[in-house]
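Hi,

Here is the structure I said I would pass on. Have a look at it first, and then read my notes underneath.

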Amino acid sequence: MTKRTSPIIVGNWKTTPANLNQAIKFIKAIDKKYSSKKNKMPKKGFYLAVPEIFISEISKECVHGYVGSQNVSGVSIGQTTGTTIPSQLLSAGATFTLIGHSEVRAQGETADQRSHKVALSLQSKLLTILCVGEHKRDKEGKYLSELEEDVRKSLSLVSRNNFNNLIIAYEPVWAIGGDTPATTHECFEVVIAIRRALASLVGIDYAKKVHVLYGGTVTKENALSFIQEGGVDGLLIGRASQDVVSFMEIISSCYGA
Ligand code: PEP
């Protein structure tokens, strides 16, 4: 695995905040806090997946982070109602997108739709964060082979050269939105399974280019342990990214700032 020099810290705002004014206030506040520590951190040190409707305004305001979307369409330009294609997100200022978040899967997203979304998003040069994770674990470890199969299916239409713009987020569904995160050991085991699936698709050299994140009840107390002991390159954070103080505390802890 090629370790990035900087951790990849991604927040997922989901359906928050309630309006654009609050979103802009959040961005201004986090940029201000970030600026006060900027000599210890890169110019841009976080990613925020925001409600699509906010992307164009927020991406103009956000000095120290990248702005992206929480989902994207895999259909081509034309006659499909109620969805947004990668080129439209890019032109609004998005630089990345999540795909396959468990809450999107729960709304009925199929593996076939996911594979088209991932392929189109990568072809369009959006940094693409594919989320995978088991609902529950079984003693026999079947969840690991199911997860590897999910990775292979979701990436089945992606060409090798696009693997360097792909990130995989391991998000065990049982750890999202609760109070019990995975242990770093549990995380590490799945990172190995994800890398095995990637290598079986494109070989080890291309597989190494993919960065892996952990998500599920990340807090300022546990954030760094996943990077130091869980084998991941960064974090995908839900609730704790929706509050300026807790998000900034996680960013600072990951940069040692
Ligand atoms: C998520 O929804 O992607 C997530 C990780 O949520 P939380 O951090 O709130 O568990």
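Below is what turned up, going from pockets to helices to a couple of single residues. Keep in mind throughout that this is a predicted model.

Pockets first. The largest one comes out at about 440 Å³. Its lining is made up of 24 residues, and those closest to the centre are Q70, N71, V104, Q107 and K117. If you want to find it by secondary structure, go to α4 (102-105) and α5 (111-123), as each of them gives at least two residues to the lining. What is the lining like chemically? It splits into 14 polar residues, five nonpolar and five charged.

The second largest pocket has a volume of about 320 Å³. Here 16 residues form the lining, with R105, G133, E134, H135 and D150 nearest the centre. At least two lining residues come from each of α4, β5 (127-132) and α6 (142-154). Which of these gives the largest share? That would be α6, with four residues. By type, this lining has six nonpolar, four polar and six charged residues.

Now for two helices, starting with α10 (residues 244-255). Its twelve residues should span 16 Å at 1.5 Å a residue, and the end C-alpha atoms are 17 Å apart, which agrees. Is α10 enclosed or open? Nine of its twelve residues are buried, so the helix is largely enclosed by the rest of the structure. The buried ones are V244, S246, F247, M248, I250, I251, S252, C254 and Y255. They pack against three strands, β1 (8-12), β2 (46-49) and β8 (234-237), and against the helices α1 (20-35) and α9 (223-229).

Both ends of α10 are worth a click. At its start, a side-chain oxygen of D243 comes to within 3.2 Å of the backbone nitrogen of V245. After the helix comes G256, with a positive phi near 65°.

The other helix is α7 (residues 184-202). With 19 residues at 1.5 Å each, the expected span is 27 Å, and the end C-alpha atoms are indeed 27 Å apart. Its buried residues are T184, C187, V190, V191, A193, I194, R195, A197, L198 and V202. What do they pack against? The list is β5, α6, β6 (166-170), α8 (204-207), β7 (211-215) and α9. The residue that follows α7 is G203, and its phi is positive too, near 90°.

Last, two single residues. F96 sits in strand β4 (residues 96-99). Buried or exposed? F96 is buried, with a relative accessible area of 0%. Leaving out residues up to four places away in sequence, F96 touches V10, Y47, L48, A49, Y66, V67, G68, S69, L126, L127 and I129. There is also a link back to the pockets: N71, one of the residues closest to the centre of the largest pocket, is 25 residues from F96 along the chain, and their C-alpha atoms are separated by 9.7 Å.

S115 is part of helix α5, which also helps line the largest pocket. S115 counts as buried because its relative accessible area is 4%, and the cut-off for buried is under 20%. With the same exclusion of residues up to four places away, S115 touches K153, S154, S156 and L157.

That's everything I have for now. Enjoy browsing!

Terms used
Residues numbered from 1 in each chain as written. Predicted model: local features only at pLDDT ≥ 70, side-chain atom pairs only at ≥ 80, totals over all residues. Heavy atoms only, no water. 1 Å grid on protein atoms, 1.4 Å probe; cavity = no way out; pocket = protein on both sides within 12 Å on 5 of 7 lines; lining within 4 Å. Points joined across faces, edges and corners; volume = space filled by probe spheres on them. Nonpolar A, V, L, I, M, F, W, Y, C, P; charged D, E, K, R; others polar. Expected span 1.5 Å × (residues − 1). Buried < 20%, exposed > 50% of the residue type's maximum accessible area, 1.4 Å probe, protein only. Contact = heavy atoms within 4.5 Å. Polar contact = N/O pair within 3.5 Å; in protein donor to acceptor, adjacent residues only side chain to side chain.
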